[in-house]
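Learning to read a protein model takes some patience, and a conversation can help. Below, a learner asks how to read a few features and a teacher replies.

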Amino acid sequence: MGKRVLVAVVCIPLIFVVFYFLPPIGLPIAISLLSMIALHEVLWSTGFVKNLWISGLSIVLSGLVPFWIYIGGGMNSALAGIFVYFVVMFLIAISSHYTVTLEKMGGSFFFAVLIPYFLSSFVRLSNMELGGFLILLPLVVSFASDAFALFAGMAFGRHKLAPALSPKKTVEGALGGLTAAVVFCMLYGLILEKGFQVEANYLLLALYGLLGSLVAQLGDLSFSYIKRQYGLKDFGNIFPGHGGVLDRFDSVIFCAPLIELLISYFPALGG
């Protein structure tokens, strides 16, 4: 627990620096770095891809996606990048004497696009009206859900949630995470309303917390599914007490795009 607290003490101020004190290009750079590390973890810790060329090419692709989101426009750069990726990928496969399979190529591309595109929700949120406030919502939901699911599970956990995937997770912990995400979302709205004169719809914020926590916990279980399939405890060890980038941000990868969609169609914060 002490290591988890230390990581939070270091990482939370770092997140604020990236979000609010660096030039705008700093955010896609940070997302790019996280995505490349996460992709390396999922490809190499599982042993899914051992071909250096395939993994290297996929890691480069994952690092480019946040910049394509940041640039926007006609996305010709994305088309060119993906075209080159597939041409080179098949050249490697053809020369590999069938050791590079379609499964490995497809899996590499899947994670190389999915992880950075979902994490790039932060880039898209930052460009919205009130983006400086909206960008924190996925973290408020996922971190509150993660932390209080742990606390509630430790204090009240009796019934296993998914013992085959994550033996320590409990139904009581999951309910604690859901409750905390709803409460913290509404508290965040109250802070914005009282401190920054931002109008807040508390019913919609509660919905953000409820649905966001559900998919955040699904994200945690989804990546646990991958770890159990390959006999892993953690994807990496970058964050003491947490594991790797994927171990820390698995819930965020699922939560961020959902919060972005909810904000787009059901805005809870106004001017």
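The dialogue that follows goes from the whole chain to single residues.

Q: What kind of model is this, and how many helices and strands are there in the protein?
A: This is a predicted model, and the protein in it has 11 helices and 4 strands.

Q: Which radius of gyration would a compact globule with 271 residues have, and what does the protein have?
A: The idea is to set the value for the chain beside the one expected for a compact globule of 271 residues, which is near 18 Å; the protein has 19 Å, and so the two agree. Along its principal axes, the C-alpha trace spans about 60 × 45 × 30 Å.

Q: How should I read burial and surface, and what percentage of the residues count as buried?
A: A residue counts as buried when its relative accessible area is under 20%, and by that reading 46% of the 271 residues are buried. The protein exposes about 13,800 Å², of which carbon and sulfur atoms supply 74%.

Q: Among contacts between residues at least 6 apart in sequence, what share joins residues at least 24 apart?
A: Of those contacts, 72% join residues that are at least 24 apart in the sequence.

Q: How many positive and negative side chains does the protein have?
A: There are 14 positive and 12 negative side chains, and the centres of these two sets lie 11 Å apart.

Q: What is the sign of phi in most residues other than glycine?
A: Most residues other than glycine have a negative phi. With that in mind, look at Leu130, which is not a glycine and yet has a positive phi of about 65 degrees; Leu130 lies in the loop between helix H6 (121-126) and helix H7 (131-134). Gln197, also not a glycine, has a positive phi of about 55 degrees, and its place is in the loop between helix H9 (171-196) and strand E3 (199-200).

Q: Is Gln197 buried or exposed, and how does Leu130 count?
A: Gln197 has a relative accessible area of 60%, so it is exposed, whereas Leu130 counts as partly exposed because its relative accessibility is 22%.

Q: Where does Ser142 lie, and which residues is it in contact with beyond its neighbours within four places in sequence?
A: Ser142 lies in helix H8, residues 137-156, and it is buried because its relative accessible area is 0%. Its side chain reaches the backbone oxygen of Pro138 at 2.7 Å. Leaving aside neighbours within four places in sequence, Ser142 is in contact with Ala216, Ser251, Val252 and Cys255.

Methods. Residues are numbered from 1 along each chain as its sequence is written. This is a predicted model: local features need pLDDT of at least 70, side-chain atom pairs count only at pLDDT 80 or more; totals for chains, interfaces and linings use all residues. Side-chain values use heavy atoms; hydrogens and water are left out. Helices (H or I, at least four residues) and strands (E, at least two) are DSSP runs, numbered from the N terminus. The radius of gyration is taken over C-alpha atoms; the globule rule is 2.2 Å times the number of residues to the power 0.38. Buried means under 20% relative accessible area, exposed over 50%, partly exposed in between (1.4 Å probe, protein chains only). Contact means heavy atoms within 4.5 Å. Accessible areas come from the Shrake-Rupley method with a 1.4 Å probe; for residues, only the protein chains shown count as cover. Lys and Arg count as positive and Asp and Glu as negative; His and the chain ends are not counted. The place of a charge is taken as NZ of Lys, CZ of Arg, CG of Asp or CD of Glu. A polar contact is a pair of N or O atoms within 3.5 Å; within protein, one must be able to donate a hydrogen and the other to accept it, and residues adjacent in sequence count only if both atoms are side-chain atoms.
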